[in-house]
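Visitor: I am new to reading protein structures, and I would like a close look at one part. Could you walk me through how some of the helices pack together, and then show me the ligand's surroundings?

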Amino acid sequence: MSHPMSDRDREVQAAARTLADELIPHEVEAEMSGGALPPEVVESHRARARELGLQAMNMPEDLGGGGLTAFQQVLVQEQIGRVTNALGWVVTTPAGWLPEVATEHQLDTWVKPTIRGERHECYAITEENAGSDTDAIEATARREDDGYVLNGVKWHVTSFNLADHVFFQAKLTEGSHAGAPALFIVDVDTPGVRVVRTPEYSHSYADEHPIVAFEDVRVPAANLVGEEGDGMRYAYAWFRYERLMIAARSCGAADRLIDEATAFARDRVAFGRPISDYQAIQFSLADSLTELWAARLMTYRTAQEIDDGEDLKVQHAHCSMAKLYASEMANRVADRAVQIFGGRGYMRENVAERFFRELRVDRIWEGTSEIQRAIIADQLFKRGVGLAEGGPAT
Ligand SMILES: Cc1cc2nc3c(=O)[nH]c(=O)nc-3n(C[C@H](O)[C@H](O)[C@H](O)COP(=O)(O)OP(=O)(O)OC[C@H]3O[C@@H](n4cnc5c(N)ncnc54)[C@H](O)[C@@H]3O)c2cc1C
């Protein structure tokens, strides 16, 4: 066991494992159809996630969410990470930072329906000339009457095709916060919102990542999240959360890959012996398992720290470390697994081939590996090497 677990932790983990095991048999069908499954099948998966208590698992119980601890959420995401083609995204995690700052109107209009699974959100921060450098965004929010006029073109807007509202980050053009970012909720059917084009990506997911233009989109002031100028605060909270969950899913993916590659190595005979007899195969799997354990320990420990109320900056650096190490670990494990499967590992019907493509983006989205290193180095120079002991050096 990598971490002490309560009975409730085990129960949550078992529920997520059950769901993952039910989703896995649908992977090849999804892969061959570009990611989509028949709507009634997707609905049955959503219903199953609800039944198992995994819908909106990160949201407060008093709003109808699952109220799981950060550690329990990591346990769930780890299981979800075992599944390819994003079929596990039926386990929803709406914006966990939102209830604290949302108005009653925002809670009733967007937050609670999203928790119930009636509404779906997506995030639009990145632009053609602003990815890692989020401060370079050119999207604008201009005050007009008692609302705002939004303009900008956003890239890679994940799930826009399945969402009904989008979190839109823009810079204010006037007022005391002119030039500072602000975050707005925009219903996707608001006049002026339009898909420019939908590029194809390496993976086969039902969730697309279109380029979306916002042209003179008028929203009431009630759609502003929190205060003017607060935009990045929410983005950081989101990054922290998603980075840790990427680390958890990377661990799940590596777990499945090692498991399947080990089973294959036992069965596959070459030169009269199972390939598991060859040291090259053994060492490849041994390295993978060792690295998985290291990544899992980091991920579990970081989640526990969040539950224990660790300093936010330390949390931020540790989420970056977990994401950096776990995502790169999973990519190495996928590469080794493809090699162990040989020619079969290059077939789309093989789990290693799918993960080999799918895991690549985990080194890019929610901050590239280079950006994670920059965050870690910044905290190292500020806090010292004690950062790797779970707290600041004294
Ligand atoms: C499939 C997919 C889905 C996505 N979904 C969303 C979404 O839903 N919403 C959203 O807003 N965004 C989304 N993104 C955008 C994603 O977060 C960005 O692609 C990512 O942050 C990197 O930005 P960029 O692509 O502009 O690369 P750039 O920032 O242009 O970086 C290019 C290269 O330069 C490196 N680099 C940049 N700055 C530095 C530095 N200071 N030091 C060292 N190296 C540096 C980077 O690491 C990278 O290797 C998605 C991206 C993908 C691929």
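Guide: What follows is a short walk through three helix pairs, ending at the ligand. Please keep in mind that this is a predicted model.

Let's start with helix 10, which spans residues 351-358, and its packing against helix 9, residues 312-341. The two axes lie 9 Å apart, and the angle between them is about 150°. Angles over 145 degrees count as roughly antiparallel, so helix 9 is roughly antiparallel to helix 10. The crossing of this pair is left-handed. If you would like to find the contact on your screen, look on helix 9 for Ala 334, Asp 335, Ala 337, Val 338 and Phe 341. Their partners on helix 10 are Ala 352, Glu 353, Phe 355 and Phe 356. Sorted by character, the residues of this contact are 7 nonpolar and 2 charged, with no polar ones.

Now stay with helix 10 and turn to helix 7, which covers residues 231-267. Here the axes come within 10 Å and cross at roughly 150°. Helix 7 and helix 10 are therefore roughly antiparallel to each other. This crossing, too, is left-handed. Helix 7 brings Ala 253, Arg 256, Leu 257 and Glu 260 to the contact, while helix 10 offers Val 351, Ala 352, Arg 354 and Phe 355. Counting by type gives 5 nonpolar residues, 3 charged ones and no polar ones. You may recognise Ala 352 and Phe 355 of helix 10: they take part in the contact with helix 9 and in the contact with helix 7.

For another kind of arrangement, go to helix 1 (residues 7-23) and helix 4 (residues 70-80). Their axes are 8 Å apart, at an angle of about 20°. Angles under 35 degrees count as roughly parallel, which means that helix 1 is roughly parallel to helix 4. The crossing of these two is right-handed. On the helix 1 side, the contact includes Val 12, Ala 16, Leu 19 and Ala 20, along with Arg 8 and Asp 9. On the helix 4 side, you can look for residues including Phe 71, Leu 75, Val 76 and Ile 80. In this contact there are 8 nonpolar, 3 polar and 3 charged residues.

Finally, let's visit the ligand. There are 17 residues around it, and those that come nearest are Thr 126, Ser 132, Thr 158, Thr 368 and Glu 370. Thr 126 has a polar side-chain atom 2.7 Å from a nitrogen atom of the ligand. From Ser 132, a polar side-chain atom lies 2.6 Å from an oxygen atom of the ligand. Thr 368 has an N or O atom in its side chain that is 2.7 Å from a ligand oxygen atom.

Methods
Residues numbered from 1 in each chain as written. Predicted model: local features only at pLDDT ≥ 70, side-chain atom pairs only at ≥ 80, totals over all residues. Heavy atoms only, no water. Axes fitted to C-alpha atoms, helices over the stretch in contact; angles between N-to-C directions. Helix = DSSP H or I, 4+ residues; strand = E, 2+ residues; numbered from the N terminus. Parallel < 35°, antiparallel > 145°, perpendicular 65-115°, else oblique. Left-handed = near helix turned anticlockwise from the far one by under 90°. Contact = heavy atoms within 4.5 Å. Nonpolar A, V, L, I, M, F, W, Y, C, P; charged D, E, K, R; others polar. Near = heavy atom within 4 Å. Polar contact = N/O pair within 3.5 Å; in protein donor to acceptor, adjacent residues only side chain to side chain.
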